[in-house]
Amino acid sequence: MKKNTKSTRIKPIGFVDCLVIIILLGIAAFSINVFRLDLLHTINLRNVEPIGTVVIRKNIVQRRLADRVIWDRLATESPVYLGDLIRVADLSAATLHIEGNSIDLNENTLIRITRAPDGESLQIIMSEGNISLAAAADSGKVSLDVNGRQVQVASGTILTVSKTVFNVKAAEDSMRLQVNEGVALYIEEGQAWEVHAGGQIAIDAGGFERDEKATVVIHPVSNARYINGNHRPYMVDFLWNKINLNTDELLRLEIAADRNFNYIFYINENLDNQVRVAIDNGLWYWRLSHANTVFGEGRFTILDGTGPRLQSPAVSSIFTFSNELPTIHFRWDAVDEATAYILEVCDTPYFMTPRIHRQSQTNSYTDSSLGVGTWYWQVTPVFSAVYTGHASFSPASYFTIERADFKPGTEHLDLAEWFVTEIPPELLYTPEPPLLLLSAPEPGARIEGLTALRQRTVFSWECEANIIQSRFVLSRNADPFQGTPAMEILNPGKTITVNRLGEGRWYWNIEAQTADGFTIRAAEHGIVYVLSVSLLPAAQNLQPARGYYFTMNDLQTHRNLGFRWQAVRGANAYIFTLVHQTERGSRQLIRTQPISRTTYALEDLRILDRGTFIWQVEAIYREANGAIVQRGTIAESTFVLDFLLPSTIHVEGSGIFE
């Protein structure tokens with residue numbers, strides 16, 4: 001029987017196939033070599049000192065090291081090196097801290113970090129985007145290279161540089177330099193111009209300076225960040241300089257929760273060059289405009305710094321032990337943007353001499369050193385130095401540690417006290433330092449808020465020893481000798497007077513050096529509570545009264561819409577606010593600066609629309625320098641604007657006057 005077999009002929013590899021294989025192998029080898037070089041470069045960076053760090057990062061921020069091809073994604077606290085090329089993507093941002101200088105990079109920005117030709121000073125080469133630089137007061141020279149144009153920055157200067165590339169040709173671009181604080185030197189083709197605080201210089205695509213209308217906002221600085229340490233809205237002062245704008249060209253400030261200004265929460269009109277705004281915590285966008293032309297814009301952030309919620313140990317928890325002290329696991333809520341937390345544990349609710357004072361990088365801490373007794377604990381978030389303001393302590397919690405079989409009277413006995421009971425007194429004798437006593441205010445003294453603002457608070461202390469030098473410290477910290485005090489006076493004498501002591505809890509103490517060589521302090525820190533300033537009463541007899549109806553005839557007959565109220569005793573100014581209620585919520589139309597009169601006339605009736613409006617008056621007391629020292633209870637009324645009604649419907653009294 002014959003078996004059929006079928007043979008398969010293998011086609012030989014042709015020249016084209018060999019060429020494709022060789023090319024692919026070459027690409028693979030090249031990629032492996034690039035990866036190897038990149039990996040070796042990364043390993044070698046361990047021996048290179050970084051020049052700075054990333055303080056804050058939002059969304060996509062990339063870095064390419066010098067002599068590398070691959071882009072890395074940067075995170076908070078990532079190091080940056082000389083030669084780094086850093087780019088910030090759309091809807092992203094980053095803040096760098098380099099040699100004491102703070103550098104904010106806005107979206108779509110590309111820079112390179114290098115040294116200036118002198119080999120010593122820092123230089124930032126900017127290709128496109130928007131950069132804000134705050135030069136440290138003690139920093140060395142800092143310069144910017146913007147497409148060949150040089151900007152030299154003096155110490156302590158804060159400025160913003162914007163550079164927009166119109167096409168791929170690097171020469172066809174424009175730039176704007178604005179100085180918020182200090183002075184900068186703009187250099188081009190051997191010529192130099194000084195730009196001082198509140199000034200700007202704008203260069204068009206052809207390299208010529210242009211005289212454009214603008215505002216240079218001195219405060220808040222670009223991407224300002226604040227810490228709100230209380231539960232009230234944060235006061236932000238806006239101050240700007242008008243460039244090429246006439247004195248009668250008044251501006252409109254709008255603050256919104258989104259970059260497109262679809263949700264505007266604050267509007268203030270007819271502004272010259274400053275305004276104070278009370279804003280809640282969050283990320284806010286602002287713009288200054290006149291006649292629908294925007295002359296300045298930016299953003300700022302207000303963080304909640306009132307302290308985190310304490311999780312464990314739960315309030316009034318009880319821990320018992322027999323032989324070994326219990327391990328206490330402290331835990332609290334994480335706080336956005338906090339870089340660390342300070343945990344304090346004390347045997348009194350005043351935290352004058354904490355048993356534990358630790359800084360933790362995470363929102364937890366474990367300790368097993370606490371003995372028998374009731375312990376109080378609190379946590380303070382720590383933020384980066386780019387934030388302005390101080391965080392406050394969390395509300396304190398407490399727990400108790402008990403011995404399972406303790407004897408009454410021995411629960412607070414520690415090792416040192418045990419030695420005292422066991423060793424003869426003559427063996428323990430050492431010269432005792434003199435006693436320093438804090439005389440006034442009394443511990444836990446409470447001072448009315450207005451009294452502390454309008455009158456001097458007197459601190460006094462006593463010591464019988466011969467004092468050769470001393471210092472007075474006043475701080476918000478429970479240990480006033482920790483951190484930077486709010487006030488420090490060297491050799492103050494036995495009586496110290498402090499002006500305008502703000503609301504809250506204050507700690508103070510004296511550190512003195514005696515002629516006998518002792519350095520002494522009061523055994524317990526002084527504590528003073530400055531109470532909140534009581535609110536002024538609400539204004540009465542608001543006109544137009546609640547529920548008043550206006551028609552189109554009213555608006556056509558009168559040149560303005562008038563509001564009036566009765567004067568409030570103790571007030572010397574008032575803040576008027578007008579809000580329009582819409583289907584999407586409340587929209588603030590007007591919030592005035594403090595005015596001394598008890599009337600307000602709305603001149604621009606074009607901002608009104610059909611619907612219900614809420615108008616408010618807050619009575620305040622302010623000092624001659626404009627500082628508000630006492631706020632008031634807000635009085636509120638409503639009116640309705642109805643274009644369909646033929647005539648005015650009066651509910652209570654009249655509402656329009658000239």
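Reader: Which residue in strand 9 is the bridge partner of Arg 112?

Author: In this predicted model, strand 8 covers residues 109-115 and is joined to strand 9 by six bridges. The two strands run antiparallel. Within this pairing, the partner of Arg 112 in strand 9 is Ile 125.

Reader: Which residue takes a positive phi in the hairpin of strand 8 and strand 9?

Author: Six residues lie between the two strands of this hairpin. One of the hairpin's residues has a positive phi near 80°, and that residue is Gly 119.

Reader: Which residue in strand 9 stands opposite Asp 104?

Author: Strand 9 also pairs with strand 7, which spans residues 101-105. Four bridges join them, and the strands run antiparallel. Opposite Asp 104, strand 9 places Ser 132.

Reader: Do strand 9 and strand 10 pair in the parallel or the antiparallel sense, and which residue of strand 10 stands opposite Met 126?

Author: Strand 10 comprises residues 142-146, and five bridges connect it with strand 9. The sense of this pairing is parallel. The residue of strand 10 that stands opposite Met 126 is Val 146.

Reader: How many residues does strand 9 give to the largest nonpolar core?

Author: The largest nonpolar core has 35 residues, and Ile 113 and Leu 159 have the most contacts inside it. Strand 9, residues 122-134, provides the largest share of this core. That share is five residues.

Reader: Which residues of strand 9 are in contact with Ile 113, leaving aside its neighbours within four places in sequence?

Author: The contacts of Ile 113 beyond its sequence neighbours include Ile 51, Val 80, Leu 96 and Ile 98. Strand 9 covers residues 122-134. The contacts of Ile 113 that fall in this range are Leu 122, Gln 123 and Ile 124.

Reader: How many residues are in the other core that lies apart from the largest one?

Author: This other core includes Phe 576, Leu 578, Leu 605 and Trp 615. Its number of residues is 28.

Reader: Why is one side of strand 26 and of strand 29 left without a neighbour in the sheet?

Author: Five strands form an open sheet with mixed pairing, in the order 26-32-31-28-29. Strand 26 (317-321) and strand 29 (356-360) stand at the edges, so one side of each has no neighbour in the sheet, as each has a single partner strand.

Reader: Which residue in strand 32 is the bridge partner of Ile 318?

Author: Strand 26 runs parallel to strand 32, residues 397-403, and five bridges join the two. Through this pairing, Ile 318 has as its bridge partner in strand 32 Thr 400.

Conventions
Residues are numbered from 1 along each chain as its sequence is written. This is a predicted model: local features need pLDDT of at least 70, side-chain atom pairs count only at pLDDT 80 or more; totals for chains, interfaces and linings use all residues. Side-chain values use heavy atoms; hydrogens and water are left out. Two strands pair if DSSP finds at least two bridges between them. A nonpolar core is a set of buried Ala, Val, Leu, Ile, Met, Phe, Trp, Tyr and Cys residues joined through side-chain atoms within 4.5 Å. Buried means under 20% relative accessible area, exposed over 50%, partly exposed in between (1.4 Å probe, protein chains only). Contact means heavy atoms within 4.5 Å.
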